[in-house]
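Here's a quick briefing to read with the model open beside you. Have a look at the fold and the ligand, then work through the points below.

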Amino acid sequence: MENKKVLEVKKELEKDLVEIDDLKVVNDLKVKYLGKKGLITELNSEIKNVPNEEKKEFGMQVNELRNTFNDYYEKMVEKLEKAELDKKLANEAIDVTLPATKLAVGAPHILEKVIEEVEEVFMSMGFDVIDGPEIEEDKYNFEMLNIPKGHPARDAQDTFYVEGEEMLLRSQTSPVQVRTMLKGEGKTPIRMICPGKTYRRDDDDASHSHQFMQIEGLLVDKDISLSDLKGTMDVLFKRLFGKSSETRFRPSYYQFTEPSVEVDITCVNCHGKGCNVCKHTGWVTVCGAGVVHPNVLRMSGYDPDVWSGFAFGFGAERLAMMKYDINDIRTFYNTDLREAKIFDREDEE
Ligand code: DAH
């Protein structure tokens, strides 16, 4: 015989426990029956008012109601959660037949490309590619290159000093010549190039950058003369700019070479006819060079009566600007991706 109150709740349950599509409604039902003041919860607390002999039967009936509700609740929640997941999966389905979005692919920096090209040319002639420190000692950057303290030539390379007067950000890659010769201990021939960053206290504009890339070269051997330098420069610039490219030397002055020259090549823009780029001369200057000064050889342990050599140094940006028709050096150092597009140009051709 069912208790009257139990019967009421049972009837109510039979009305309520129908298929429901809304998780919130299902949870509301849980509160209605099993919440703090829920109908089944309240039945439970009724038990104390039930005569002893009916307590067991009453308890069993309440339990049955609770089980009925819990079974229903679990089933509903499982059903609704599965429906939710199915909906999500349907929405996120990938249509593999759609065309793919184009990914922006990176390209090597144009300076890197030019440097690699130069490296290849020199490696094919037996030169090593070596590195040197960017924070350099005054001794290597100046003194051992025949530029003593107080020498006016220092002013031309407005230098960033760090830690007083002895350490600096190298203003040229020429100190790597000294370091390489010291390693050779006056005994071994040298063929090396050193591409790397250099720094000068310049105000940045279209043709100046306080940080730029130089490529240094040094060859030390026996019976080396200016004509070896000429031949080497010829090979380099013909390989970079084509067979019709010509090289000429003009006298110049550097403390670490004697004689010193400026290397000109036929203007890449007008092929020597004369234009604005070459100021109508047909030639552009690309490189400083010369025969290694006996003092420099001697200071680094090479006997100038036995050894001779040539050296050169040029800016990688200048070459890249000519090769890729870029007219502002800052293009290499800002991170504007629209400008970086020029870096892809060669690959697209
Ligand atoms: N270091 C020179 C400069 O920055 C360039 C240079 C000239 C390097 C002549 C050399 C050289 O090795 O022989 O202006």
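What follows is a short tour by topic, from the domains to the ligand site and then to the strands and a helix.

Keep in mind that this is a predicted model. The protein chain is assigned two stretches, domain 1 (4–91) and domain 2 (110–348). The ligand has 16 residues around it, and the protein buries 93% of the 360 Å² that the ligand exposes when taken alone.

**Domains**

- Domain 1 covers residues 4–91, while domain 2 takes in 110–348.
- Going by C-alpha atoms, the centres of domain 1 and domain 2 sit 87 Å apart.

**Around the ligand**

- Out of the 16 residues around the ligand, the ones that come nearest are Gln172, Gln177, Arg200, Gln214 and Glu216.
- Arg200 puts a polar side-chain atom 2.8 Å from an oxygen atom of the ligand.
- Two backbone contacts also go to ligand oxygen: a backbone N or O atom of Ala311 is 3.2 Å from an oxygen atom of the ligand, and a polar backbone atom of Phe312 is 3.3 Å from one.
- Which strands supply at least two residues each to the shell around the ligand? They are β6 (211–221), β9 (283–292) and β10 (308–315).
- By residue class, the shell around the ligand holds 9 polar, 5 nonpolar and 2 charged residues.

**A three-stranded open sheet**

- Three strands make an open, antiparallel sheet, and their order is β2-β4-β3.
- β2 (135–137) and β3 (161–162) are the edge strands with a single partner strand each, so each has one side without a neighbour in the sheet.
- The antiparallel pairing of β2 with β4 (residues 167–169) runs over 3 bridges.
- If you'd like a spot to click on, Glu136 has Leu168 in β4 as its bridge partner.

**The run from β7 to β9**

- β7 (residues 247–254) pairs with β8 in the antiparallel sense, over 7 bridges.
- β7 and β8 make a hairpin, with 2 residues between them.
- For a landmark in this pairing, find Tyr254, which stands opposite Thr257 in β8.
- On to the next pair: β8 and β9 run antiparallel and are joined by 8 bridges.
- Here Thr266 has Trp283 in β9 as its bridge partner.
- Is β8 largely enclosed or left open? The strand (residues 257–266) has 8 of its 10 residues buried, so β8 is largely enclosed by the rest of the structure.
- To tie this back to the ligand, β9 is one of the strands that supply at least two residues of the shell.

**Helix α10 and the loop after it**

- α10 is mostly covered, with 7 of its 9 residues buried.
- The buried residues in α10 are Ala316, Glu317, Leu319, Ala320, Met321, Met322 and Tyr324.
- Right after α10 comes Asp325, which has a positive phi, near 55°.
- Asp328 is in the loop between α10 (316–324) and α11 (337–340).
- Is Asp328 buried or exposed? Its relative accessible area is 18%, so Asp328 counts as buried, the cut-off being under 20%.
- What does the side chain of Asp328 make a polar contact with? Its partner is the side chain of Arg330, at 2.8 Å.

Methods:
Residues numbered from 1 in each chain as written. Predicted model: local features only at pLDDT ≥ 70, side-chain atom pairs only at ≥ 80, totals over all residues. Heavy atoms only, no water. Near = heavy atom within 4 Å. Polar contact = N/O pair within 3.5 Å; in protein donor to acceptor, adjacent residues only side chain to side chain. Areas by Shrake-Rupley, 256 points an atom, 1.4 Å probe, with all protein chains shown as cover. Helix = DSSP H or I, 4+ residues; strand = E, 2+ residues; numbered from the N terminus. Nonpolar A, V, L, I, M, F, W, Y, C, P; charged D, E, K, R; others polar. Domains from an automatic or database assignment. Pairing = 2+ DSSP bridges. Buried < 20%, exposed > 50% of the residue type's maximum accessible area, 1.4 Å probe, protein only.
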